[in-house]
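Q: Please take one helix of this structure and give me a close look at it. I would like to know what it sits against, and how that setting connects to the rest of the fold.

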Amino acid sequence: MVITGKKEISDFYCNCQSKSSSSLASLVKVMGAEEIRRIKIVLGGDGAVGKTSIRRRYLGEGFTQQYLQTLGADFALKETVLKDGNIRFRWQIWDLAGQPAFHEVRKAYFKGCLGALVVYDVTRPETLENAEKWCEDIWENSSYQEKIPIVLIGNKIDLRDTVNDALTPEDGKKMAEKLGIGFLETSAKTGENIEDAFEFLGRKIIEFTNKLMQRT
Ligand SMILES: Nc1nc2c(ncn2[C@@H]2O[C@H](COP(=O)(O)OP(=O)(O)OP(=O)(O)O)[C@@H](O)[C@H]2O)c(=O)[nH]1
Ligand SMILES: [Mg+2]
């Protein structure tokens, strides 16, 4: 298969996401066009940890103190070029409802995902414990046999000094090492590390898809 235009590339990648790794291997040539990847990801993690706030901040929609619980899922699109490359990412971001009532519904959103940001709140230790279950759920219900890339995100670091038993960066790192995933801390309120979180996940997705292509 020879791919010559931007549209074909993005359509191809979109199709690949829900299919086997052998489909990925058939991306043979990109001629005269910047490579575009349409990448579906999910934002997971317990209720009120800040998933929607991270998404809104990443999309340049600012920050609001008000908590409006997500029902089911919200969807957003954003296009970026990874910092030192010429791969254009067309993110399809599924921002899932974190409250327990949505547990069964959200499994459907994991299909076809190439990566995830799993968020916890550094001021609520139980949300880090639950992050492990989120990762297992995502891996179990994704379309790939291999574990898709996940970056663990410790959010609300602007509040760390305001509570007594806040989680430290070491707590998050330990969990990420146990699960074999990436780790970063953010604040959706100040914007700290929000761009970097998506950049980090993007790099991991490139490594993941390259590995799949080499294997077939
Ligand atoms: N101080 C501070 N507050 C935050 C931060 N991120 C989110 N919040 C607040 O935390 C609350 C919950 O944020 P949401 O983004 O709605 O949380 P969510 O994870 O999308 O919640 P669900 O949709 O119910 O799963 C809101 O009041 C936000 O303003 C942060 O980095 N710092
Ligand atoms: Mg939400």
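**Helix α3 and its surroundings**

A: In α3, the buried residues are Lys51, Thr52, Ser53, Ile54, Arg55, Arg57 and Tyr58. The model is a predicted one. Helix α3 spans residues 51–58, and with 7 of its 8 residues buried it is mostly covered. An α-helix has 3.6 residues a turn, so residues three or four places apart point the same way. Just past the end of α3, Gly60 adopts a positive phi of about 75°.

The cover over the buried residues of α3 comes from several elements, including the strands β3 (35–44), β4 (73–81), β5 (87–96), β6 (115–121) and β7 (150–155), together with helix α7 (194–215).

The helix also has a part in the ligand site. Around ligand 1 there are 23 residues, of which Gly50, Thr52, Ser53, Thr70 and Gly98 come nearest. Thr52 and Ser53 are also on the list of buried α3 residues. With 3 residues, α3 gives the most to this shell. By residue class, the shell holds 13 polar, 6 nonpolar and 4 charged residues.

The strands that cover α3 belong to a wider arrangement. It is an open sheet of 6 strands, ordered β4-β5-β3-β6-β7-β8 with mixed pairing. Its edges are β4 and β8 (182–185), each of which pairs on one side only. On average, neighbouring strands in this sheet are turned by 25° against each other, direction ignored.

Within the sheet, β3 has parallel partners in β5 and β6. Its pairing with β5 runs in the parallel sense over 9 bridges, and Ile39 has Trp91 of β5 as its bridge partner. With β6, the pairing is again parallel, over 4 bridges; here Ile41 is bridged to Gly115. Helix α5 (residues 125–141) packs on the sheet and touches β3, β6 and β7, and its direction lies at about 165° to that of β6. Of the 10 residues of β3, 9 are buried, which leaves the strand mostly covered.

Further along the order, β6 and β7 pair in the parallel sense over 6 bridges, and Val119 has Ile153 of β7 as its bridge partner. Strand β7 is largely enclosed by the rest of the structure, because 6 of its 6 residues are buried. The burial applies to both faces: Ile150, Leu152 and Gly154 lie on one side, Val151, Ile153 and Asn155 on the other.

Gly154 of β7 gives a local view of this enclosure. It counts as buried because it has 30 C-beta neighbours inside 10 Å, where 20 or more are required. Leaving out residues up to four places away in sequence, Gly154 touches Tyr120, Val122, Leu167, Gly172 and Glu185. Between Gly154 and Glu185 the C-alpha to C-alpha distance is 4.4 Å, although they are 31 residues apart in sequence.

The helix and the sheet also meet in the hydrophobic interior. In soluble globular proteins, nonpolar side chains tend to be buried together. Here the largest nonpolar core has 44 residues, and Ile41, Val42, Ala116, Leu117 and Val118 touch the most other members. At least two residues of this core come from each of β3, α3, β5, β6, α5, β7, α6 (169–179) and α7. For Val42, the residues touched are Trp94, Leu96, Tyr109, Phe110, Cys113, Ala116 and Ile138, when those up to four places away in sequence are not counted.

On the scale of the protein chain, there are 7 helices and 8 strands. Of its 216 residues, 39% count as buried. Among contacts with a separation of 6 or more, 74% join residues 24 or more positions apart. To return to α3: the helix is mostly covered, supplies at least two residues to the largest nonpolar core, and gives the most residues to the shell around ligand 1.

Key:
Residues numbered from 1 in each chain as written. Chains lettered and ligands numbered in written order. Predicted model: local features only at pLDDT ≥ 70, side-chain atom pairs only at ≥ 80, totals over all residues. Near = placed C-beta within 6 Å. Nonpolar A, V, L, I, M, F, W, Y, C, P; charged D, E, K, R; others polar. Buried ≥ 20, exposed ≤ 12 C-beta atoms within 10 Å, placed from the backbone. Contact = placed C-beta atoms within 7 Å. Pairing = 2+ DSSP bridges. Axes fitted to C-alpha atoms, helices over the stretch in contact; angles between N-to-C directions. Core = buried A, V, L, I, M, F, W, Y, C linked by C-beta atoms within 7 Å.
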